[in-house]
Amino acid sequence: MAETSSVRITCTAPVNIAIIKYWGKRDEELILPLNSSLSISLHQDQLKSTTTAVASPAFSEDKLWLNGQEKSVQESRLQALLHEVRRRAAKRPLEDVQREEEVVESVNSEHRLAPPSWHVHISSKNNFPTGAGLASSASGYACLAFTLAQLFGVRGELSGIARRGSGSACRSMYGGVVRWTHGEQADGADSIAVQVIPESYWPELRVFILVVSDLQKAVSSSEGMRRSVATSRLLQHRATVLVPELLRKAEAAVKAHDFPAFSQLAMCDSNQLHAICLDTHPPIFYLNDTSRQIMRLVHAYNQACAEIRAGYTFDAGPNAFVLTTARDASKLLGLIAHFFPPQTSNSKRYIRGLPLTTDPPSLELQCALGFEPQPNALHYILCTRPGPGPQCIFDNEAHLLNIDGLPGN
Ligand SMILES: Nc1ncnc2c1ncn2[C@@H]1O[C@H](COP(=O)(O)OP(=O)(O)OP(=O)(O)O)[C@@H](O)[C@H]1O
Ligand SMILES: C[C@@](O)(CCOP(=O)(O)OP(=O)(O)O)CC(=O)O
């Protein structure tokens, strides 16, 4: 039915972990932050969202499938994102519009542009748990924004489109280390993400995700930060005084490959976020006992090394993102696996992602920690590293919708 004139594209996008956190909005509708933030985009070999979008004059409405289940497209953030991408597509230069007419005649559907008036069918999936504290909303909305921009031929700065889905999603529009500048303008035009360094600049960086819980959190990030803005006086001080300095120092540390400084700033900023959550009324508790044991383990490791060789950061949940470098990866992983061993039934897939050996910790290091191993405290450990930004996939096997816009290939 839609065969001759439909346009189809499939893209992927990464998850990102914030090093200097975004917490608090100055505009809820446009998703404009009170402070700038900094993150690392994680490698898509381990975590990614994949989105296929098909546009056709034959479609009578927009449709969405998430992880294979059809969802309503009426959700306000999805609507805002769709509206923004179509608004920008409608302003495309004339030569693109002419190209579009040629395109509609073309038999090759893979490199064509769709007119913004066409309805779109979208299917998106994550290769990791959705809504489970692993920032699927960031990779998911970034992937959606990037895919729709390719489909409708929107060029230039795209992070402002992803931002309409979820604030942190704008940073997933680039690889490596990325800053989201808070911006000053009321319409959000200058509230965009920029790449600070590409992923190839610091290839030794490693990130271990220690999955403490895969349950949906009780207080979402959006609700948590709304509550902090309304009640925490520390938040205002952080946003205006502390973050600008933290950000400057963190960017300098990244550019200088200074892991101790970078890691120290990451830990301080994460602790500051959770201090603000405690200063919020009623207080919000995202960390649990296992999170705090992980923090102790990292500090004990650094003390034993007599320098900072590991760090941690926690988003709005108990899962730890442990930072280190290739030099320490096997030793630190061995220590983590020793103190947080798997249930025997779960030992096979306990350590996932990058293939790494686990060096058993020395007795001295074991004693330094001063707590007993805690079997079963973690679901699994995912080893990853910085990676690239969104990509188009030119492989027919990768499409999540067929050319008629229906699930299948
Ligand atoms: N691939 C995707 N495509 C489009 N939307 C997605 C995708 N993945 C997730 N989302 C959106 O993000 C929501 C989940 O966001 P939520 O903030 O609850 O969890 P999370 O981002 O996985 O975890 P956390 O914010 O705790 O790190 C989904 O309900 C959906 O609306
Ligand atoms: C703690 C954080 O992960 C908060 C992320 O918040 P979201 O981007 O999920 O919030 P919304 O913009 O309301 O969708 C810190 C960060 O990623 O910077």
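This briefing covers the domains, two ligand sites and selected strands of one protein model. The model is predicted. The protein is divided into domain 1 (7-198 + 391-398) and domain 2 (205-384). Both domains contribute to the shell around ligand 1, with at least three residues from each. Ligand 2 lies between the two domains, because both give residues to its shell.

**Domain arrangement**

- The centres of domain 1 and domain 2, taken over C-alpha atoms, are separated by 28 Å.
- The contact between them takes 26 residues from domain 1 and 31 residues from domain 2.
- On the side of domain 1 that touches domain 2, the elements giving two or more residues are β2, β5, β10 and β11.
- Strand β2 gives the most to this side of domain 1, with four residues.
- By class, this side of domain 1 has 16 nonpolar, seven polar and three charged residues.

**The four-stranded sheet**

- Strands β2, β5, β10 and β11 form an open sheet in the order β2-β5-β10-β11, and the pairing is antiparallel.
- The edges are held by β2 (16-20) and β11 (193-197); each has a single partner strand, so one side of each has no neighbour in the sheet.
- On average, neighbouring strands of this sheet are turned by 35° against each other, direction ignored.
- Strand β2 is joined to β5 (residues 37-41) by four bridges, and the two run antiparallel.
- Within this pair, Ile-20 has Leu-38 of β5 as its bridge partner.
- Helix α6 (residues 233-255) lies across β2, β5, β10 (177-180) and β11.
- The helix runs at about 115° to β2.

**Strand β6 and its partners**

- Strand β6 (residues 48-56) has nine of its nine residues buried, so the rest of the structure largely encloses this strand.
- Burial applies to both faces of β6: Lys-48, Thr-50, Thr-52, Val-54 and Ser-56 are buried on one side.
- Ser-49, Thr-51, Ala-53 and Ala-55 are buried on the other side of β6.
- Strand β1 (residues 7-14) pairs with β6 in the antiparallel sense over eight bridges.
- In this pairing, Val-7 has Ala-55 of β6 as its bridge partner.
- Strand β9 also pairs with β6, in the antiparallel sense and over eight bridges.
- Here Val-54 stands opposite His-121 in β9.

**Ligand 1**

- Ligand 1 is surrounded by 22 residues, and the closest are Ser-49, Ser-124, Ser-136, Ser-137 and Gly-140.
- The elements that give two or more residues to this shell are β9 (119-126) and α3 (136-152).
- Helix α3 gives the most to the shell around ligand 1, with six residues.
- The shell around ligand 1 divides into eight nonpolar, twelve polar and two charged residues.
- Ser-49, one of the residues closest to ligand 1, is also among the buried residues of β6.

**Ligand 2**

- There are 13 residues around ligand 2, of which Ala-18, Ser-166, Gly-167, Ser-168 and Ser-222 come nearest.
- The shell around ligand 2 divides into four nonpolar, seven polar and two charged residues.
- Ala-18, named among the nearest residues to ligand 2, falls within β2 (16-20), an edge strand of the open sheet.

Methods:
Residues are numbered from 1 along each chain as its sequence is written. Chains are lettered from A and ligands numbered from 1 in the order in which they are written. This is a predicted model: local features need pLDDT of at least 70, side-chain atom pairs count only at pLDDT 80 or more; totals for chains, interfaces and linings use all residues. Two strands pair if DSSP finds at least two bridges between them. Axes are lines fitted to C-alpha atoms, for helices over the stretch in contact, and angles run from 0 to 180 degrees between N-to-C directions. Two residues are in contact if their C-beta atoms, placed from the backbone, lie within 7 Å. A residue is near a molecule or strand if its C-beta atom, placed from the backbone, lies within 6 Å of it. Ala, Val, Leu, Ile, Met, Phe, Trp, Tyr, Cys and Pro count as nonpolar, Asp, Glu, Lys and Arg as charged, and the others, Gly among them, as polar. Domain bounds come from an automatic or database domain assignment. A residue is buried if 20 or more other C-beta atoms lie within 10 Å of its own, exposed if 12 or fewer, and partly exposed in between; C-beta atoms are placed from the backbone.
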